[in-house]
Amino acid sequence: MNVEQETDVTVVGAGPVGLVLAAELALSGATVQVLERRAERDEAMKAQSINVPTAEALDRRGLLPAAEQVQRETLERMGSFARAAGDRPADDRPAGAGRPARETRFTGHFAGMVLDPDLVDWTDPDLAAHAAADGARMVPQPQLEALLAEHVERLGVRVRRGVEVTALDDTGDGVLVGTTAGTVRTGWLVGCDGGHSAVRRLAGIGFPGTDPELTGYQAVVNIADPSLLADGWVWSPRGVYRCGPQPGRVATVEFDSPPADRSAPVTLEEVQSALRRISGTDVTLTALRATPTRWTDNTRQAAAYWSGRVLLAGDAAHVHPPFGGQGLNLGVGDAMNLGWKLGAVIAGWAPEGLLDTYDAERRPVGAWVLDWTRSQIGVLRGDAKSAALREVVSDLLSTRDGTTYAVKQISGVTQRADLPGDHPLVGRYVPDLWLKDGSRLVDHGHGGGFLLLDRTPDGAFARHAAAWAGRVSGVTDVSSVSDEHAAPTGVLVRPDGVVAWATDTASASATTDTAAVTGLEAALRRWTGTP
């Protein structure tokens, strides 16, 4: 049997999740290739925005300027419709005072109820501490994929398109992967190949959950008589449709049954028929301007994210309705969490047991997203009970507290992993931390690895971590984020942006603070191995 030369990791799927994972593995020093069954990139309409953790992941790798440019171009295309629905009013606080010099703040919607940016408490600590990436939220999935494709190309990652996985054999010390281009021998195999994952199926990993009950479409079309359709979300006994925010963009949801064949290409006639049934009009669509998508409320989560030498990430590990583009963001979070951990195992400085923390940390986030999207299905339905519930939820989302709560949940700023440690930052994504030279902590992490922020006068924390040089980069002389949000004295940040340890010790020298040093030592050994 002709077996191709071994790589450390083979990632199956060249969507955003697979590309982020491949990049993180490459930064860790692993050899990696990506297999993608499609010959060309998928240009179908999917997620139209990203959340804060995803934007900050791009920021940590030096991709924020490119993402900001995508947002500017997206808003120009969307025009005044998008600006009226999704922009934050101008903020006259100076740049660097807990926010960048930008005016756009993304809010999103809950079950079709657009969240009013004027009602959001932007001074809420969770929102104010994560403002630097605000200019990179309106990044549609096709443009994100293109940006990431360039990123992995710069890192030397090989992406092989038109190659489909047909078999796998976990040999205990690696995986033999059968493909349409021959057999591949790899140390680890990661399925990032979507909800119908071949990797998950071939590995025999269960996918329990709830069956679909509805059919949804989204498309950008030419409409012969747009005046027949109302702007925004409109409910009827047959379902719900949305027209806008940019001209020609339509979405429909019907609750009668799932599609007979979700994988079949979506036609103009399908979208038109659904729109006519729901709206009760004879609206005519004359052309498709983008590849449309069909979706359901199929909601499932893999029984295991890791089995032997096979792992799952993204939609291969969980599927749910696509409200708010949560699936894309959830998958990128998986990739960032898994990338450095698998890279550490391959490099030999972490045991395979570290991969247990991937499932332990990401499964609860996935379960929350499944429930968040399920709840919106309940509110969206056209029956009388759902309509009554929608009125109650609408009232709550018309309040400052209600809107702020929803925006925080959608944006991802409240996500937290259950990690050891008493500091309130531990397990959270690191907030915006500015240095006295005008740079930010994330600017020092473009190459991956751990960051140790040390604000002690004598650099005691950085000296203590010197034994882990090569895995941990020390950053000293840090000022407060803003007058309202003072930076802690010391913070250890994992490559995925999660805080592993933090302290607010006010000692003149951290050397005399035994508890702080002991905590740092424990975190370093837990996450970065033996020096």
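# A guided tour of the helices and three single residues

Begin by selecting helix H1 (residues 16–27) together with helix H5 (residues 141–154), whose axes come within 9 Å and cross at roughly 25°. The model on screen is a predicted one, and every stop below should be read with that in mind. Because angles under 35 degrees count as roughly parallel, H1 and H5 are therefore described as roughly parallel to each other. H1 passes H5 in a left-handed crossing, and the contact is made by Pro16, Leu19, Val20 and Ala23 on the H1 side, with Gln141, Leu144, Glu145, Leu148, Ala149, His151 and Val152 on the H5 side.

Keep H1 selected and add helix H8 (residues 326–347), which packs with H1 at an angle of about 20°, the two axes lying 8 Å apart. That angle makes H1 roughly parallel to H8, and the crossing of this pair is right-handed. To show the contact, select Pro16, Val17, Val20, Leu21, Glu24 and Leu25 of H1, and then Leu328, Gly331, Val332, Ala335, Met336, Leu338, Gly339, Leu342 and Gly343 of H8.

Now hide H1 and follow H8 to its packing with H9, where the angle is about 175° and the axes are 10 Å apart. This makes H8 roughly antiparallel to H9. The residues that meet here are Gln326, Leu330, Gly333, Asp334, Asn337, Leu338 and Lys341 in H8, and Thr357, Tyr358, Glu361, Arg362, Val365, Gly366, Val369 and Trp372 in H9.

Stay with helix H9 (residues 356–380) and select valine 379, which is found in it. Is valine 379 buried or exposed? With a relative accessible area of 4%, valine 379 is buried. Not counting residues up to four places away in sequence, valine 379 touches Phe110, Ala111, Met113, Trp235, Ser386, Leu389, Arg390 and Val393. If you also select proline 265, which is 114 residues from valine 379 along the chain, the two C-alpha atoms will be found 29 Å apart.

One of the residues that valine 379 touches, Ala111, is the next stop. Alanine 111 is found in the loop between strand E3 (109–110) and strand E4 (113–114), and it is buried, with a relative accessible area of 0%. Its phi is near 50°, a positive value in a residue other than glycine.

Next select helix H7 (residues 268–279), whose 12 residues, at 1.5 Å a residue, should span 16 Å, and whose end C-alpha atoms are 16 Å apart, in agreement with that expectation. Which residues of H7 are buried? They are Leu268, Val271, Gln272, Ala274, Leu275, Ile278 and Ser279. These buried residues cover an arc of only 165° around the axis, which puts them on the same side of H7. In general, an α-helix has 3.6 residues a turn, so residues three or four places apart point the same way. To see what the buried residues of H7 pack against, display strand E10 (215–223), strand E11 (232–236), strand E12 (239–243), strand E13 (249–254) and strand E14 (285–288). Just after H7, glycine 280 takes a positive phi of about 70°.

Finish at threonine 166, whose place is in strand E6 (residues 165–170). Threonine 166 is partly exposed, with a relative accessible area of 45%. Leaving aside neighbours within four places in sequence, threonine 166 is in contact with Gly178, Thr179, Thr180 and Leu202. Selecting glycine 18 as well shows a pair that is 148 residues apart in sequence and 18 Å apart in space, C-alpha to C-alpha.

Terms used:
Residues are numbered from 1 along each chain as its sequence is written. This is a predicted model: local features need pLDDT of at least 70, side-chain atom pairs count only at pLDDT 80 or more; totals for chains, interfaces and linings use all residues. Side-chain values use heavy atoms; hydrogens and water are left out. Helices (H or I, at least four residues) and strands (E, at least two) are DSSP runs, numbered from the N terminus. The expected span of a helix is 1.5 Å times one less than its number of residues. Buried means under 20% relative accessible area, exposed over 50%, partly exposed in between (1.4 Å probe, protein chains only). The arc is that of the directions from the helix axis to the C-beta atoms. Contact means heavy atoms within 4.5 Å. Axes are lines fitted to C-alpha atoms, for helices over the stretch in contact, and angles run from 0 to 180 degrees between N-to-C directions. Angles under 35 degrees count as roughly parallel, over 145 as roughly antiparallel, 65 to 115 as roughly perpendicular and the rest as oblique. A crossing is left-handed if the near helix is turned anticlockwise from the far one by less than a right angle, and right-handed if clockwise.
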